[in-house]
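Visitor: I would like to be walked through a protein model, with each term explained as it comes up. Please show me the sequence and the structure first.

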Amino acid sequence: MQQLKRLGRRAGAVAFASVAFAATGSAQASDSIHDAATCGHLSDDVTLRRAAVGAVFVGGNAALYSYFKKAWWSGERAPHFFFRADWDEDFRDQDKFGHMTGGYHLARGGYALLKSACMSPKKAMIWSAVYASAFQLQIEVWDGLYKKYGFSYADVIANTTGTALALLHETHPRTLAIKPTISYWPSPEMRNANHIPGELRPSLDYSGQTYWFSTDVNALLPDQAKPYWPPFLRLSAGQSITDWIDPHTGANERARRKILVSLDFDAEKLPGDNRLWKTVKRQISYIHLPGPTLELTPRFIAIGFYK
């Protein structure tokens with residue numbers, strides 16, 4: 001049970017951290033890149049920007065290694081490097097959605113940071129993809145050296161999917177009409193975490209996490225149909241799971257998948273065009289706000305206010 005929990009927590013931790021990283025990158029990115037060399041800034045300012053971005057990349061990676069070294073890579077080493085296929089564990093691949101979300105936001109945030117350092121869009125896309133891939137790959141490489149974990153090629157597939165989706169959105173902006181979002185509300189076991197064994201954290205609380213693909217329906221409709229769908233209203237499909245940890249005993253149990261369809265409110269459509277406010281709205285738009293939802297499995301039920 002502890003092994004499963006430790007395996008799962010990394011995915012959630014990287015997903016949540018990468019969302020914060022992406023927000024930092026977007027806040028620093030310039031909305032108008034005029035010149036590939038200086039992007040409208042003095043050369044000394046560009047040098048400072050590039051130094052700051054480099055410090056963010058290096059410092060973030062150093063902090064990641066220090067944290068994981070203490071939290072997970074302090075156990076018994078494996079006799080040799082080994083691989084592990086961890087599809088369909090008790091938490092029904094919720095961790096894979098976390099890995100995908102992590103790859104997406106690491107690439108998105110890296111791209112924004114590199115553009116703010118006056119790198120050309122093409123180079124920024126390439127290096128943000130390299131950074132996101134290397135950031136997540138190193139975790140798997142170290143995992144492959146320890147008995148409890150192993151190198152998970154399933155995680156690598158999920159990581160790469162997220163990074164590829166971020167690049168698709170940058171190269172083909174119309175595809176942003178469908179984007180990943182996440183919502184979280186503590187599960188019963190999380191609310192009882194102080195009274196059950198284990199090390200349950202929000203990043204491991206898969207039953208409380210829901211991963212969505214949110215669709216801007218209005219943007220996809222033909223012009224003559226747009227008046228019939230409010231631009232602030234999105235339609236989302238999501239996955240969550242039933243309890244994978246018994247809320248009373250802390251024991252593992254095999255969860256069931258929850259497939260959901262929900263109306264989603266688009267924060268980017270909130271009024272106001274201040275640059276900082278637009279950045280805030282953009283980051284909030286990656287959070288699925290509570291709304292009416294239809295649960296398709298394992299029960300068929302309408303939920304008035306799904307959180």
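Guide: Helices (H or I, at least four residues) and strands (E, at least two) are DSSP runs, numbered from the N terminus. The model is predicted: local features need pLDDT of at least 70 and side-chain atom pairs count only at pLDDT 80 or more, while totals for chains, interfaces and linings use all residues. Residues are numbered from 1 along each chain as its sequence is written, and side-chain values use heavy atoms, with hydrogens and water left out.

Visitor: In which helix does Gly 110 lie?
Guide: The helix in question runs over residues 94–116. Gly 110 falls in that range, and the helix is H3.

Visitor: Is Gly 110 buried or exposed?
Guide: Buried means under 20% relative accessible area, exposed over 50%, and partly exposed in between (1.4 Å probe, protein chains only). The relative accessible area of Gly 110 is 0%, so Gly 110 is buried.

Visitor: How far apart in space are Gly 110 and Tyr 131?
Guide: In sequence, 21 residues separate Gly 110 and Tyr 131. In space, taken from C-alpha to C-alpha, the distance is 7.3 Å.

Visitor: How far does H3 reach from its first C-alpha to its last?
Guide: The expected span of a helix is 1.5 Å times one less than its number of residues. H3 has 23 residues, and 33 Å is expected. The model comes close to that, with a reach of 33 Å.

Visitor: How many residues of H3 are buried?
Guide: H3 is mostly covered. Of its 23 residues, the number buried is 21.

Visitor: Which side chains make a polar contact with the side chain of Lys 96?
Guide: A polar contact is a pair of N or O atoms within 3.5 Å; within protein, one must be able to donate a hydrogen and the other to accept it, and residues adjacent in sequence count only if both atoms are side-chain atoms. Lys 96 lies in H3 and counts as buried because its relative accessibility is 6%. Its side chain makes one such contact at 3.3 Å, with Asp 86. Another, at 3.0 Å, is with Asp 155.

Visitor: Which side chain is joined to that of His 169 by a polar contact of 2.8 Å?
Guide: His 169 lies in helix H5 and, at 5% relative accessibility, counts as buried. Contact means heavy atoms within 4.5 Å. Not counting residues up to four places away in sequence, His 169 touches Thr 175, Leu 176 and Ile 178, among others. The side chain at the other end of the 2.8 Å polar contact is that of Tyr 104.

Visitor: Which residues of the largest nonpolar core touch the most other members?
Guide: A nonpolar core is a set of buried Ala, Val, Leu, Ile, Met, Phe, Trp, Tyr and Cys residues joined through side-chain atoms within 4.5 Å. The largest one has 24 residues. Helices H2 (43–71), H3, H4 (121–143) and H5 (153–171) each supply at least two residues of this core. The members that touch the most others are Val 53, Phe 57, Phe 68 and Trp 73.

Visitor: In what order do the 6 strands stand in the open sheet?
Guide: Two strands pair if DSSP finds at least two bridges between them. The pairing in this sheet is antiparallel, and the order is S1-S2-S3-S4-S5-S6.

Visitor: Which strands stand at the edges?
Guide: An edge strand here has a single partner strand, so one of its sides is left without a neighbour in the sheet. The two are S1 (178–184) and S6.

Visitor: How many bridges join S3 to S4?
Guide: S2 (residues 209–215) and S3 (residues 233–241) run antiparallel and are joined by 5 bridges. S4 and S5 are also antiparallel, with 4 bridges. For S3 and S4, again antiparallel, the number of bridges is 9.

Visitor: Which residue stands opposite Arg 234 in S4?
Guide: S4 covers residues 257–265 and has a covered face of Lys 258, Leu 260, Ser 262 and Asp 264. The partner of Arg 234 belongs to that face. It is Asp 264.

Visitor: How many residues lie between S5 and S6 in their hairpin?
Guide: S5 (residues 291–297) and S6 (residues 301–306) pair in the antiparallel sense over 4 bridges. One bridge links Glu 295 to Ile 301 in S6. The number of residues between the two strands is 3.
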